[in-house]
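Reader: Before we discuss any details, could you show me the model that we are going to talk about?

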Amino acid sequence: MNRTRRLLALVVVLIFFSAAFYLLSFDDSKSSQAPFSSPSEALLAASVPVQMCLAPYFEGAGKAAQDNIEPLGGELPPIHLVADPYPTFNGISLDPANNRVAMSDENRKSVLVYDRAAGDKSAAVTSPLRQIIGPESQIGYIAGIMFDSAHREIYAVNNDLDDRIVVFDDDARGDVKPKRRLYVPHQAWGLSLNPATDQFAISVQQLSMVAFYRREASGLEAPLRIIEGPDTGLADPHGIRWDVQHHELIVANHGNSSVIASYSAYDAGVSSKALSAGGHFLPPSLTIFEASAKGNAKPVRTIQGSHTHLNWPMGVDLDEQHDEIAVADNGDNSIVIFHRSDSGDAVPLRIIRGPRTGIASPMGVAIDVKNDEIWVANYGDHTAAVYARTANGDVAPKRIIRNAPQGTPTGGFGNPYAVAYDSKRDQLLVPN
Amino acid sequence: MHGLAYDATHDEVVVPVALGAAVLTFRGGAHGEEPPIRTIQGPNTHLIRPHTLAVDEKNDEIIVADTSSRSILVFARDAEGDAPPKRIIAGPKTGLLFIVGVAVDPVHNRIVAASASSVRGGTTGLFIFNRTDQGDVAPRGIIAGPRTGIVRPWQLALDPAQGNVLVAAINNENHPPYALEMPRKDLPPDTDLPSPWNTGAPGFVGMWSIDDNGDVPPRGIIKGAGSYLVHPAGVAIDPQAGEVFVTDGVRNGLFTFLAPKFFSKESTLSKKTVEKENQRDR
């Protein structure tokens, strides 16, 4: 009963094709180790805004009551922990005009802004220009991020738990309040701005929906229109990119599909429509819509099939000058590039993939036409890597931005809300 | 994904897929992009948004909590395809609404559900049913109220040997601004909802007996700044080692606590009873 255990971070990441989750397995081996190595403890303490750590404890819990129960336990210290004290890159947005790149960090819950030319081939951590972090920022389980160069603003969307988009001045830093806050449906993931219409669009995972808002929308302002329904082909959408020149909208879909019904603690009732629908697993896809689409609109093109190599497509970007779409293909550890007008079971023009690329569970991709580069934000490594725009195959990056020393493993957690104990292997299973 | 279960008897991992309205079963040693060995999915399953689940290894059943159908669905462990559930616990008498945790006790024949409700007259807490209950049945016990400290429950873990259930009381505030596609009409346009990442009321892991009922405090608790827990969401146990495993979304991490008394006879007794037994032993 007194044995101690050592949990090794990042043993296995099981990526299942048809289910939108990661399952992390941690070896629960029997070797003895003192609880908390001090660097880990210090880093963990630093990884959460102080206000969150020191908030007063709910006084009602654990007090003696009528049956004189004195609860066992109390303020027990953990004997082991698995946590990543460093940021993990997720979404990415470029501002070539002002030579900056911004990335969302869902692990420490922050936004990091770097000089566009930052990074090199060294093993050292790259210093950001600034970081927005802390409870005032309302940044939580953050996903998509977007520069608005014209208005010198930066947008970030909280994906799970906290249903809001926060907008900051692009020189914001530290624990600052957003200048605007827009509430959005649960599980919004990507966002894309259309300067021509002064609107932005977001993808919403669980509703398999795209919603359009005024650029300056705030509070509980409703969307101007939505794309949603069985004919849309939308299925657990993630990356989204407006093609202003061709009046189209590109959406990346994981393929999980169901008709959702009310499920919050604030709504009673059950939807018979949802009950009779059943769920489906569709192949991953890119669906391209007319920019003015609404309701149950059919896409004008769909890229889908075994030749596409799509496997958990995350962020997407568009190169309007060279007519190309780039996709962060998370499940394939690659970046796949299609011709803009591709349709059906299309073979990618290029695939950046292989051990020399360093691409590991990519979440974001951004094309810099001005500087002829393509950026990749890696969730499976503490890096963002920069390649020549036309890179193809197993090529090394030109330079790397690191948010942790080279070789630092990532915990792989993304808002872990469950755990199971595998008694046969003495392992812990954690889904994301 | 908000739940999963390991079936030691059959060496399988069972997971719900909320956005695909499915339950998948994998080999226990599954690795990489390995397909499931069984899939439950389709209109006959009654699955809409399966949130979490438990496996009853003794009775060969999978118990699924669905937050959208507001029900507990019990499937044969080896069910596959568009299979209907064997039993459904749902309806107004059950008190169930936003069911986010479920656990099964095959020794005492109970199913425990963690459910939250913010609708008028609703109850947030732990709902205890007989294992074979079905239909619109009242729970045999409800652990809820201010003394429990449960504001917002999440995953459950159950120790059948002692008849205790542990709950990760995440306790963050989460008032959804939208009712599916549109903003909620009950909220003013200038509403200022609390961020669940900064609510000032950290959660805890609490333990109750499955025979507890009403507004009773936990028999065991892991809480406070020293525990490093902020908003614990996941909980699992290894009774043999006396360990409690907890995940925390704010920390984005996994914690192990050593709490052997949680799994001892002492955990089932009140303080007075323990004192009496100690005096008798002396």
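**Contacts between the chains and unusual backbone angles**

Author: In this predicted model, 104 residues of chain A are in contact with 113 residues of chain B.

Reader: How do the residues on the side of chain A that touches chain B divide into nonpolar, polar and charged?

Author: On that side of chain A, 15 residues are charged and 27 are polar. The remaining class, the nonpolar residues, has a count of 62.

Reader: Which residue in strand 21 of chain B is the bridge partner of H80(A)?

Author: Strand 5 of chain A, residues 80-83, pairs with strand 21 of chain B, residues 253-258, in the antiparallel sense and over four bridges. Within strand 21 of chain B, the residue bridged to H80(A) is T256(B).

Reader: Is H46(B) buried or exposed?

Author: H46(B) belongs to the loop that runs between strand 4 (38-41) and strand 5 (50-56) of chain B, and H46(B) has a positive phi of about 70° although it is not a glycine. Since a residue counts as buried if 20 or more other C-beta atoms lie within 10 Å of its own, and H46(B) has 22 such atoms within 10 Å, H46(B) is therefore buried.

Reader: Into which class of exposure does D426(A) fall?

Author: D426(A), which is not a glycine either, has a positive phi of about 55°, and D426(A) lies in the loop between strand 32 (420-422) and strand 33 (427-431) of chain A. The class in between applies when there are more than 12 but fewer than 20 other C-beta atoms within 10 Å. Because D426(A) has 15 other C-beta atoms within 10 Å, its class is partly exposed.

Notes: Residues numbered from 1 in each chain as written. Chains lettered and ligands numbered in written order. Predicted model: local features only at pLDDT ≥ 70, side-chain atom pairs only at ≥ 80, totals over all residues. Contact = placed C-beta atoms within 7 Å. Nonpolar A, V, L, I, M, F, W, Y, C, P; charged D, E, K, R; others polar. Pairing = 2+ DSSP bridges. Helix = DSSP H or I, 4+ residues; strand = E, 2+ residues; numbered from the N terminus.
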